[in-house]
Amino acid sequence: MTTPHIPPDWAFEFHGHLCPFMPIGYRMGKLALAHLGVEREQDHGFFIFPELGEGHPQTCMMDGIQAATGATYGKVLMAKTFYGKLAATFYHPQQGAVRFALKPDFIDAMGKFEFFSYRKRGVEPSQIPAAVANEVVQWMYDQPDEALFKVEPLPDFTYAPVKGSFNKTKCSECGEYVFERYVRMKNGQPVCIPCSEHGK
Ligand SMILES: [Zn+2]
Ligand SMILES: [Zn+2]
(Lines give C-alpha, C1' and ligand atoms only; values in the text may rest on other atoms or scores of the structure.)
(Ligands and ions follow the chains in the order given, each with its own letter.)
Protein backbone atom coordinates (compact mmCIF):
# COMPACT_ATOMS: atom_id res chain seq x y z
CA MET A 1 0.00 0.00 0.00
CA THR A 2 1.02 3.57 -0.61
CA THR A 3 -0.56 5.92 1.90
CA PRO A 4 1.57 9.06 1.65
CA HIS A 5 -0.33 11.02 4.35
CA ILE A 6 0.74 14.42 3.04
CA PRO A 7 1.03 16.85 5.97
CA PRO A 8 -1.37 19.82 6.08
CA ASP A 9 0.03 23.31 5.41
CA TRP A 10 0.03 24.21 9.10
CA ALA A 11 2.49 21.38 9.80
CA PHE A 12 4.98 22.77 7.25
CA GLU A 13 4.47 26.24 8.73
CA PHE A 14 5.10 24.90 12.24
CA HIS A 15 8.19 22.99 11.09
CA GLY A 16 9.60 25.99 9.22
CA HIS A 17 11.05 24.52 6.01
CA LEU A 18 10.42 21.93 3.34
CA CYS A 19 12.46 18.77 3.96
CA PRO A 20 11.75 15.04 3.57
CA PHE A 21 12.04 14.06 7.24
CA MET A 22 9.14 16.06 8.67
CA PRO A 23 6.72 14.46 6.12
CA ILE A 24 8.28 11.02 6.82
CA GLY A 25 7.58 11.49 10.52
CA TYR A 26 4.04 12.63 9.73
CA ARG A 27 3.46 9.54 7.64
CA MET A 28 4.97 7.29 10.32
CA GLY A 29 2.72 8.86 12.97
CA LYS A 30 -0.44 8.48 10.86
CA LEU A 31 0.37 4.86 10.04
CA ALA A 32 1.11 4.10 13.71
CA LEU A 33 -2.26 5.56 14.75
CA ALA A 34 -3.98 3.41 12.11
CA HIS A 35 -2.01 0.31 13.14
CA LEU A 36 -3.09 0.72 16.77
CA GLY A 37 -6.62 1.80 15.84
CA VAL A 38 -6.50 5.06 17.74
CA GLU A 39 -7.47 8.63 16.88
CA ARG A 40 -5.18 11.65 17.04
CA GLU A 41 -4.54 12.30 20.73
CA GLN A 42 -6.40 15.27 22.22
CA ASP A 43 -5.31 14.91 25.83
CA HIS A 44 -2.69 12.81 27.62
CA GLY A 45 -3.29 9.18 26.61
CA PHE A 46 -0.78 8.33 23.87
CA PHE A 47 2.99 8.08 24.24
CA ILE A 48 5.86 8.10 21.78
CA PHE A 49 9.47 7.16 22.32
CA PRO A 50 11.54 8.27 19.32
CA GLU A 51 14.95 6.61 19.22
CA LEU A 52 16.61 9.65 17.69
CA GLY A 53 19.50 11.35 19.39
CA GLU A 54 21.17 14.68 18.80
CA GLY A 55 23.85 15.82 16.40
CA HIS A 56 22.27 14.14 13.39
CA PRO A 57 19.86 15.94 11.07
CA GLN A 58 16.93 13.53 10.81
CA THR A 59 15.36 14.83 14.03
CA CYS A 60 12.92 16.80 11.80
CA MET A 61 10.95 13.54 11.86
CA MET A 62 9.79 14.25 15.38
CA ASP A 63 7.95 17.43 14.36
CA GLY A 64 6.01 15.38 11.80
CA ILE A 65 5.28 12.65 14.35
CA GLN A 66 3.92 15.24 16.79
CA ALA A 67 1.81 16.96 14.11
CA ALA A 68 0.27 13.65 13.03
CA THR A 69 -0.45 12.18 16.45
CA GLY A 70 -1.07 15.10 18.81
CA ALA A 71 1.34 13.38 21.22
CA THR A 72 3.49 16.43 21.74
CA TYR A 73 6.65 17.19 23.61
CA GLY A 74 4.86 20.01 25.44
CA LYS A 75 2.21 17.63 26.79
CA VAL A 76 5.08 15.33 27.92
CA LEU A 77 3.81 12.60 25.59
CA MET A 78 7.12 12.28 23.78
CA ALA A 79 10.50 11.28 25.21
CA LYS A 80 13.60 10.48 23.17
CA THR A 81 15.63 7.40 24.02
CA PHE A 82 18.85 8.83 22.47
CA TYR A 83 19.70 5.52 20.80
CA GLY A 84 20.58 7.48 17.64
CA LYS A 85 18.27 5.35 15.46
CA LEU A 86 15.59 6.27 12.92
CA ALA A 87 12.73 4.58 14.75
CA ALA A 88 10.00 5.25 17.27
CA THR A 89 7.76 3.24 19.57
CA PHE A 90 4.11 4.30 19.81
CA TYR A 91 2.16 3.24 22.90
CA HIS A 92 -1.50 3.41 23.81
CA PRO A 93 -2.38 1.90 27.23
CA GLN A 94 -5.46 0.06 25.85
CA GLN A 95 -4.33 -0.63 22.28
CA GLY A 96 -0.73 -1.68 22.88
CA ALA A 97 2.57 -0.71 21.32
CA VAL A 98 4.18 -0.78 17.90
CA ARG A 99 7.65 0.16 16.73
CA PHE A 100 8.24 1.75 13.32
CA ALA A 101 11.78 1.89 11.94
CA LEU A 102 13.00 3.39 8.65
CA LYS A 103 14.52 0.74 6.41
CA PRO A 104 18.21 1.14 5.55
CA ASP A 105 17.56 0.58 1.81
CA PHE A 106 15.07 3.42 1.84
CA ILE A 107 17.54 5.73 3.62
CA ASP A 108 20.27 4.81 1.12
CA ALA A 109 18.02 5.43 -1.89
CA MET A 110 16.80 8.75 -0.52
CA GLY A 111 20.37 9.84 0.25
CA LYS A 112 21.16 9.87 -3.49
CA PHE A 113 18.84 12.82 -4.15
CA GLU A 114 20.35 16.23 -4.83
CA PHE A 115 18.71 17.61 -1.67
CA PHE A 116 21.29 15.74 0.41
CA SER A 117 24.28 16.96 -1.58
CA TYR A 118 23.19 20.48 -0.57
CA ARG A 119 22.75 19.35 3.03
CA LYS A 120 26.19 17.72 3.15
CA ARG A 121 27.70 21.00 1.95
CA GLY A 122 26.10 22.64 4.98
CA VAL A 123 23.21 24.33 3.15
CA GLU A 124 20.17 24.67 5.41
CA PRO A 125 16.88 23.29 4.03
CA SER A 126 15.25 26.74 3.71
CA GLN A 127 18.10 27.77 1.36
CA ILE A 128 17.78 24.75 -0.95
CA PRO A 129 15.88 25.45 -4.21
CA ALA A 130 12.21 24.44 -3.80
CA ALA A 131 12.34 22.20 -6.89
CA VAL A 132 15.22 20.22 -5.36
CA ALA A 133 13.38 19.78 -2.05
CA ASN A 134 10.09 18.93 -3.78
CA GLU A 135 11.79 16.25 -5.89
CA VAL A 136 12.84 14.13 -2.90
CA VAL A 137 9.64 14.77 -0.94
CA GLN A 138 7.48 13.72 -3.90
CA TRP A 139 9.63 10.61 -4.42
CA MET A 140 9.08 9.69 -0.75
CA TYR A 141 5.28 10.13 -1.08
CA ASP A 142 5.34 7.78 -4.07
CA GLN A 143 7.11 4.92 -2.26
CA PRO A 144 4.98 2.13 -0.79
CA ASP A 145 4.59 2.05 2.99
CA GLU A 146 6.54 -1.23 3.16
CA ALA A 147 9.51 0.37 1.37
CA LEU A 148 9.84 2.97 4.13
CA PHE A 149 8.93 1.24 7.34
CA LYS A 150 9.70 -1.91 9.26
CA VAL A 151 6.72 -2.42 11.60
CA GLU A 152 6.98 -4.54 14.75
CA PRO A 153 4.18 -5.01 17.29
CA LEU A 154 5.58 -4.94 20.84
CA PRO A 155 3.13 -7.02 22.91
CA ASP A 156 5.20 -6.82 26.11
CA PHE A 157 5.83 -3.09 26.08
CA THR A 158 4.53 -1.14 29.06
CA TYR A 159 5.01 2.35 30.33
CA ALA A 160 3.64 4.07 33.41
CA PRO A 161 3.55 7.84 33.07
CA VAL A 162 4.36 9.99 36.09
CA LYS A 163 1.19 10.68 38.07
CA GLY A 164 0.07 14.28 37.63
CA SER A 165 -0.30 16.62 40.60
CA PHE A 166 -1.32 20.25 40.96
CA ASN A 167 0.36 20.49 44.39
CA LYS A 168 2.91 23.25 44.61
CA THR A 169 4.71 25.21 47.26
CA LYS A 170 6.60 28.49 47.40
CA CYS A 171 10.38 28.29 47.60
CA SER A 172 11.46 29.74 50.93
CA GLU A 173 14.36 31.57 49.26
CA CYS A 174 13.27 32.95 45.88
CA GLY A 175 9.52 32.98 46.55
CA GLU A 176 8.65 31.26 43.25
CA TYR A 177 6.28 28.31 42.97
CA VAL A 178 7.72 24.79 42.70
CA PHE A 179 5.67 21.67 41.94
CA GLU A 180 5.91 19.17 44.76
CA ARG A 181 8.04 16.48 43.17
CA TYR A 182 10.78 19.08 42.63
CA VAL A 183 10.78 20.60 46.12
CA ARG A 184 14.01 20.12 48.08
CA MET A 185 14.62 20.78 51.79
CA LYS A 186 17.36 23.11 52.99
CA ASN A 187 17.77 23.95 56.69
CA GLY A 188 14.31 22.49 57.24
CA GLN A 189 12.69 24.81 54.68
CA PRO A 190 11.26 23.95 51.26
CA VAL A 191 13.35 25.29 48.38
CA CYS A 192 13.49 24.98 44.60
CA ILE A 193 16.35 23.06 42.93
CA PRO A 194 18.43 26.13 41.90
CA CYS A 195 18.15 27.60 45.42
CA SER A 196 19.07 24.23 46.96
CA GLU A 197 22.31 24.25 44.97
CA HIS A 198 23.78 27.66 45.82
CA GLY A 199 24.91 28.80 49.27
CA LYS A 200 24.54 26.46 52.19
ZN1 LIG B 1 13.06 19.58 8.47
ZN1 LIG C 1 14.05 29.15 44.86
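A nonpolar core, as the term is used here, is a set of buried Ala, Val, Leu, Ile, Met, Phe, Trp, Tyr and Cys residues joined through side-chain atoms within 4.5 Å. In this predicted model, the largest such core has 50 residues. I24, M28, F90 and L102 have the most contacts inside it. Helix α2, residues 21–36, supplies the largest share of this core, with 9 residues. In soluble globular proteins, nonpolar side chains tend to be buried together.

Take I24 as a way in. Neighbours within four places in sequence are set aside here. I24 is then in contact with M61, L102, F106, M110, M140 and F149. Another core lies apart from the largest one. This other core has 5 residues, among them V178, V191, C192 and C195.

Two of those names lead to a metal. C192 and C195 are donors of the zinc ion (ligand 2), together with C171 and C174. Each of the four gives its SG atom, and the donors lie 2.3 to 2.4 Å from the ion. Along the chain they follow the spacing C-x2-C-x17-C-x2-C. The angles among the 4 donor atoms run from 98 to 117°, and the site is tetrahedral.

How exposed are these cysteines? C171 counts as buried because its relative accessibility is 3%, under the 20% limit. C195 has a relative accessible area of 6%, so C195 is buried too. C174 has 35%, between the limits of 20% and 50%, and is therefore partly exposed.

The zinc ion (ligand 1) has another set of protein donors: H15 (NE2), H17 (NE2), C19 (SG) and C60 (SG). They lie 2.0 to 2.3 Å from the ion. Why is the arrangement tetrahedral? The 4 donor atoms subtend angles of 96 to 118°, and four donors count as tetrahedral if all angles lie between 85 and 135 degrees. The spacing along the chain is H-x1-H-x1-C-x40-C. Within it, C19 and C60 link distant parts of the chain, 41 residues apart. C19 sits in the loop between α1 (9–15) and α2. C60 sits in the loop between β1 (47–50) and α3 (61–69). Both C19 and C60 are buried.

One last point concerns the cysteines. A disulfide is a covalent bond between the sulfur atoms of two cysteines. How many disulfides does the count come to? With sulfur atoms required to be within 2.5 Å, the count comes to 0. The SG atoms of C171, C174, C192 and C195 are donors of the zinc ion (ligand 2), and those of C19 and C60 are donors of the zinc ion (ligand 1).

How values were computed:
Residues are numbered from 1 along each chain as its sequence is written. Chains are lettered from A and ligands numbered from 1 in the order in which they are written. This is a predicted model: local features need pLDDT of at least 70, side-chain atom pairs count only at pLDDT 80 or more; totals for chains, interfaces and linings use all residues. Side-chain values use heavy atoms; hydrogens and water are left out. Buried means under 20% relative accessible area, exposed over 50%, partly exposed in between (1.4 Å probe, protein chains only). Helices (H or I, at least four residues) and strands (E, at least two) are DSSP runs, numbered from the N terminus. Contact means heavy atoms within 4.5 Å. Donors are N, O and S atoms within 2.8 Å of the metal (3.2 Å for Na, K and Ca); water is not among the atoms, so sites may look incomplete. Four donors count as tetrahedral if all angles lie between 85 and 135 degrees; four count as square planar and six as octahedral if opposite donors are over 155 degrees apart and all others between 65 and 115; anything else is irregular.
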